[in-house]
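Could you take me on a walk through this protein, stop by stop? I have it open in a viewer and would like to know what to select next and what is there.

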Amino acid sequence: MLLEMQDLCVRFASRAGDVQAVRGLSLSMAEGELLGLAGESGSGKTTAAMAIPRLLPRNATVAGGRILFDGEDLLAKGEPEMEALRWKAISVVFQGAMNALNPVQRVGSQIAEAILHHEAATGRDEARRRVEELFELVGIPAARSASYPHEFSGGMRQRAMIAMALACKPRLVIADEPITALDVMIQAQILNLIKRLCSELGLSMILISHDLSVIAETCDRVAIMYAGRLVETGGAREVFESPAHPYTAALLGAFPNVNKERVFVAGIPGNPPSLIEPPRGCGFYERCARRSPGCDEAEPASVDLGGGHVAACPLARGGSR
Ligand SMILES: Nc1ncnc2c1ncn2[C@@H]1O[C@H](COP(=O)(O)OP(=O)(O)O)[C@@H](O)[C@H]1O
Ligand SMILES: [Mg+2]
């Protein structure tokens, strides 16, 4: 396994009390895999993912668990060791990053600087040549590396951010909502780019999106989070076709298939529970149409459906859609 998260717990200090954003998450991914992380806003996706390169905000505490990368626990490493891994082994396309490019610096030179910063041995000419290669790789003509961010469309800026994440040839890329701010036609192009890069470069990627249907169509495997916990994981197609957890089924109902016409539908009724005093039992209990007495008393056991398909719901065995 390239990455193994074991019982990860992360909390944030807040005025109202500690927010238990990630509550015992265990998840693994193989080298070369494209893993989708889905769930409504606030379910803990960004927090879980940013714990990997240890880029959590200051008020966050990793309260427990291990994150093994190539068998080594990242949570046990010192900051200099982590700094050496960032960009070169694990890189991130941050949520909203395409709007964070420096407006007064040419896009290509921003990427060249990132390369020079992280690889001391690289010279300027070499960095510039690498930038041109990276541009071609993500489908931007090399000559456009001299453009300024405002001369790029949203899709091109996102391609440039992906190029930057690939600049130091990482093994794992974490892309946090990389298509959310783009229009639908461009979303499909960026997803195709991500797929192509993963297969051509043998890259491993965690693709985060609140839209499960997007992930199901793009990724090899999906993991669905709710209220800081993993509720279901499995092969993308299988989870998409036979969701086993009522939350997954509801999420799929809330976001129509990307190939179908996208109509706005009401989301799942109700709101996620407070993570300051998280529920004892199933986090989805209050909103679940198929709950039964007892679901709110203890955390539901994981049901193994075979082939890596696991869901934390007693109904899982029967399928829920
Ligand atoms: N810096 C922070 N301080 C306090 N609470 C936070 C902070 N960042 C995130 N949270 C809380 O942690 C939970 C998970 O958030 P997040 O990981 O951003 O979810 P997602 O990426 O799935 O939308 C939410 O309840 C959110 O309000
Ligand atoms: Mg997020």
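## A walk through the model

Start by selecting Thr 122, which lies in the loop between helix H3 (107–118) and helix H4 (124–137). Keep in mind along the way that this is a predicted model. Is Thr 122 buried or exposed? Its relative accessibility is 13%, and because the cut-off for buried is under 20%, Thr 122 counts as buried. Now show its surroundings: beyond the neighbours within four places in sequence, Thr 122 is in contact with Ile 115, Leu 116 and Ala 127.

**Zoom out for the whole protein.** Colour by secondary structure and you should find nine helices and 12 strands. The radius of gyration is 20 Å, close to the 20 Å that the globule rule gives for 321 residues, so the protein is as compact as a globular protein of that length. Along the principal axes, the C-alpha atoms fill a box of roughly 65 × 45 × 40 Å. Of the 321 residues, 51% are buried. If you draw the contacts with a separation of 6 or more, 65% of them come from residues 24 or more positions apart.

Switch on the surface next. The protein exposes about 14,800 Å², and carbon and sulfur atoms supply 51% of that area. Colouring by charge brings up 33 positive and 37 negative charges, whose mean positions are 2 Å apart.

**Select the four-stranded sheet.** Pick strands E2, E1, E4 and E5, given here in their order across an open sheet with antiparallel pairing. Which strands form the edges? They are strand E2 (19–29) and strand E5 (72–73), each of which pairs on one side only. Then move inward to strand E1 (residues 3–12) and strand E4 (residues 60–69): these run antiparallel and are joined by eight bridges. For a single pair to click on, try Glu 4, which stands opposite Leu 68 in E4.

**Go on to strand E6.** Strands of a sheet can also pair in parallel through backbone hydrogen bonds. Select E6 together with strand E7 (residues 172–176), and you will see two strands that run parallel, joined by four bridges. Within this pair, Ser 91 has Val 173 in E7 as its bridge partner. Show the side chains of strand E6 (residues 90–93) and turn the view: Ile 90 and Val 92 are on one side, Ser 91 and Val 93 are on the other, and all are buried, which leaves both faces covered.

**Stop at helix H1.** Select Ala 49, found in helix H1 (residues 45–50). Ala 49 is buried, with a relative accessible area of 1%. What does Ala 49 touch, leaving aside neighbours within four places in sequence? Its contacts are Ile 174 and Ile 208. For a distance label, join the C-alpha atoms of Ala 49 and Ala 89: they are separated by 15 Å, with these positions 40 residues apart along the chain.

**Finish at helix H5.** The last selection is Gly 154, in helix H5 (residues 154–166). Gly 154 is partly exposed, with a relative accessible area of 22%. Not counting residues up to four places away in sequence, Gly 154 touches Met 98 and Leu 182. To end, draw a line from Gly 154 to Glu 286: the two are 132 residues apart in sequence and 39 Å apart in space, C-alpha to C-alpha.

Key: Residues are numbered from 1 along each chain as its sequence is written. Chains are lettered from A and ligands numbered from 1 in the order in which they are written. This is a predicted model: local features need pLDDT of at least 70, side-chain atom pairs count only at pLDDT 80 or more; totals for chains, interfaces and linings use all residues. Side-chain values use heavy atoms; hydrogens and water are left out. The radius of gyration is taken over C-alpha atoms; the globule rule is 2.2 Å times the number of residues to the power 0.38. Buried means under 20% relative accessible area, exposed over 50%, partly exposed in between (1.4 Å probe, protein chains only). Contact means heavy atoms within 4.5 Å. Accessible areas come from the Shrake-Rupley method with a 1.4 Å probe; for residues, only the protein chains shown count as cover. Lys and Arg count as positive and Asp and Glu as negative; His and the chain ends are not counted. The place of a charge is taken as NZ of Lys, CZ of Arg, CG of Asp or CD of Glu. Two strands pair if DSSP finds at least two bridges between them.
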